[in-house]
Amino acid sequence: MPDREDPTATDRGGEADIAVHWQEEPMVAPPRAVRRPPHLADPTLKPRFASARFPGSFEAYAEMLTWSRRWDRTLDADRPPFYRWFPGGRLNASVNCIDRHLPDRAASPALVFVPEPESEAPEVLTYQDLYDRVNALAAYLHRGLGAVPGERVTLHLPMTPELPIAMLACARLGLPHSVVFSGFSGEACGLRIADSQSRFLITMDGYFRNGRWVDLRRAAERAYQVAHAEGHPPEKVLVLPRRPGHARWEPTLRPRVEIDLEAELQSYRSAREVAQDLPSDHPLFLMYTSGTTGRPKGVQHNLGGYLAYAAGTTYYYQDLDPDDVYWCMADIGWITGHTYIVYGPLALGAQVVLYEGVPTWPDAERPWRISEQLGVTVFHTSPTAIRQLRRLAPSGPGRHRTRFRLLTSVGEPIEPETWHWYFSEVGRGRAALVDAWWQTETGGILCATAPGVDPMKPGSAGPGALGIFPEIRDEEGRVIPPGSGRAGALVIPNPWPGQMAGIWGDPQRYVETYYRRFNLHPESTDWRDWPYVTGDGAVQAMDGYIRILGRMDDVINVAGHRLGAKEIESACLTVHAVAEAAVVPVSDPVKGRCPEVYIALRPGFEPSLDLADRVTRAVETTIGKIARPTRVWFVPDMPKTRSGKILRRVLAAISNRRPSGDLTTLANPEVVAEIEQLVRTARERSDAEAGRQ
Ligand code: WT7
């Protein structure tokens with residue numbers, strides 16, 4: 001079966017079904033204290049990006065980069081939905097993010113690394129330092145290991161300078177990198193190594209998180225085994241120490257496979273590596289993300305289009321200049337970190353804070369302390385982090401002398417209450433707040449307000465970004481007019497430079513997943529016939545502002561991290577006693593959504609705490625702790641249609657304490673009352689226990 005995603009299907013119990021509970025809020029004007037950036041306030045800006053100017057309008061973003069050869073055409077759309085931006089152009093991402101800043105900014109900070117333990121002082125890397133270290137690693141990969149352009153490298157690294165250094169070293173050589181979030185398990189890492197057929201894995205002995213040392217090196221052993229079993233072991237596993245000179249690992253893999261990277265780099269310290277001059281459509285990186293099927297897909301972003309879009313949107317929506325101290329608290333292991341910690345800000349020569357740990361270590365005022373100490377002016381984080389910080393220290397921000405002028409919220413819907421706290425307490429009513437909507441696949445921001453210029457609407461991502469004209473469509477694909485109050489599928493009609501180039505190794509899946517839904521003419525070579533289907537449900541107000549309701553497919557957005565329901569289900573099924581598993585999203589006051597899992601056991605097995613534990617551990621080892629289900633419910637049977645399909649919608653309703661709706665399509669409607677009863681009893685029991693404590 002092709003992997004068809006039906007974004008308007010209603011039997012899935014997707015996030016959009018637990019639609020956001022807030023109504024349209026009144027607009028908030030940008031605070032008068034906020035500067036009106038002249039490049040944004042320019043009245044000719046939006047007209048220059050009008051739809052009639054497409055695609056030439058996006059040349060303005062490409063112009064922000066340094067090219068060794070100018071492009072021949074803005075956009076090659078001869079074979080939609082496969083697009084080539086700025087074809088004929090040649091460039092290198094590491095040159096754009098480092099070399100070109102050296103004449104003016106060699107001694108200026110590029111990265112300010114803040115370790116999680118407060119006993120370790122922040123470490124500043126200037127653009128010159130970054131240049132030296134990227135060159136050393138690139139020289140070793142090229143001369144020491146013979147890497148040639150196009151070979152993939154998997155990076156399983158934490159939030160330390162080595163991660164952006166490794167990314168930029170890969171970019172310098174034209175090696176597409178695939179960063180695997182450090183919180184992902186060895187097994188998850190191994191599958192991604194195999195899928196991308198990476199030649200190398202670069203990892204670290206460990207890192208600090210929540211006050212504890214996390215052994216990352218151990219995951220590499222498992223990753224190697226899994227990739228090996230899949231038929232694509234990496235040729236080398238390169239291990240770095242978290243603290244130079246203090247390695248905390250012992251080699252256990254085969255000799256000559258596992259390499260002490262710190263030792264190797266000694267001989268390349270002052271090496272210079274010529275940057276590869278690459279075509280605009282060379283793959284820059286892969287980023288694995290979850291979708292409807294159990295298998296994560298490698299979203300491919302190509303050099304010229306992606307980097308132009310990263311630089312352009314960072315300039316207009318993060319409004320960075322070289323005087324700013326910019327801190328995006330996301331992890332580089334997700335797309336937000338790729339675009340708005342590494343490529344966008346460094347392409348603009350900005351000063352970027354890199355924080356190793358969690359925002360609440362050792363207490364929930366840490367982010368404000370760091371911001372005060374480093375003079376952070378532009379701050380970027382997720383609603384989950386804001387909710388946590390607010391809950392633990394509601395008047396924390398007020399106790400610090402921060403000087404934010406721009407705040408960003410990204411990754412999940414932000415409810416007005418949290419928005420107002422972020423705006424008034426963190427920003428003191430003196431900072432613009434950008435609610436940025438986008439996705440791994442889109443490469444950069446697609447909906448947001450222009451900071452300091454556009455009025456803001458709490459709980460609502462802004463209008464389409466420059467050159468982006470979002471639409472809401474009903475099940476038949478008809479456009480729902482703005483202001484009608486009706487929800488539908490969020491669609492982007494025209495291509496843009498940050499758009500993914502494809503799914504690694506699976507062009508068919510790319511077409512099916514993102515374009516088939518509203519494509520009426522499969523043979524058409526006109527891009528107008530290939531609207532991009534986001535998978536999100538949304539409502540558009542009369543003024544064009546978009547309120548995101550959540551995913552309509554089997555993706556669950558937990559704390560701003562995207563998890564596939566099917567992936568979690570496959571993990572549960574690795575426990576022998578489990579016959580069937582169904583995962584549903586549940587509203588959570590801090591994380592936005594959390595996964596709950598329903599399990600039907602094989603005959604001969606009885607529910608037990610031990611089994612629940614084993615299911616939870618199976619999810620942790622196959623995916624990672626972030627995917628851990630908050631509850632495991634053992635049910636006598638799954639609610640099923642007559643054709644045997646599990647109706648997750650019904651389970652999602654029970655988990656979210658809502659009426660289970662129409663049960664007429666069920667083959668076994670009686671099981672619903674049983675499950676409801678079972679869940680209710682368990683909840684009463686745990687509420688009673690909580691009350692006693
Ligand atoms: C999904 C994409 C944004 C990059 C990081 C996440 C949800 C993202 C918002 C927002 C409401 C949002 C959507 C989207 N989402 N930003 N501002 N308001 N929802 O990238 O992991 O690919 O997840 O995150 O549901 O589809 P991702």
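This short presentation covers one helix, the cysteines and one sheet of a model that is predicted.

Let me begin with the helix. Helix α12 spans residues 335–347 and is mostly covered, with 13 of its 13 residues buried. After α12 comes G349, and the phi of G349 is positive, near 75°.

I turn now to the cysteines. How many disulfides does the structure hold? The count is zero. C97, for instance, is in no disulfide, and the nearest cysteine sulfur, that of C170, is 13 Å away. C97 counts as buried because its relative accessibility is 0%. The second case is C447. Why does C447 form no bond with the closest cysteine sulfur? That sulfur belongs to C328 and is 18 Å from the sulfur of C447, which is too far for a bond; the cut-off for a disulfide is 2.5 Å between the sulfur atoms. C447 is likewise buried, at a relative accessible area of 0%.

My last topic is the sheet. Four strands make up an open sheet in the order β21-β22-β24-β25, and their pairing is antiparallel. Which strands stand at the edges? They are β21, residues 471–473, and β25, residues 546–551. Each has a single partner strand, so one side of each is left without a neighbour in the sheet. From one strand to the next, the twist averages 50°.

Finally, I would draw attention to the pairing at the β21 edge. β21 and strand β22, residues 488–492, run antiparallel and are joined by three bridges. Within this pairing, E471 has V491 in β22 as its bridge partner.

Key. Residues are numbered from 1 along each chain as its sequence is written. This is a predicted model: local features need pLDDT of at least 70, side-chain atom pairs count only at pLDDT 80 or more; totals for chains, interfaces and linings use all residues. Side-chain values use heavy atoms; hydrogens and water are left out. Buried means under 20% relative accessible area, exposed over 50%, partly exposed in between (1.4 Å probe, protein chains only). Helices (H or I, at least four residues) and strands (E, at least two) are DSSP runs, numbered from the N terminus. Two strands pair if DSSP finds at least two bridges between them. Axes are lines fitted to C-alpha atoms, for helices over the stretch in contact, and angles run from 0 to 180 degrees between N-to-C directions.
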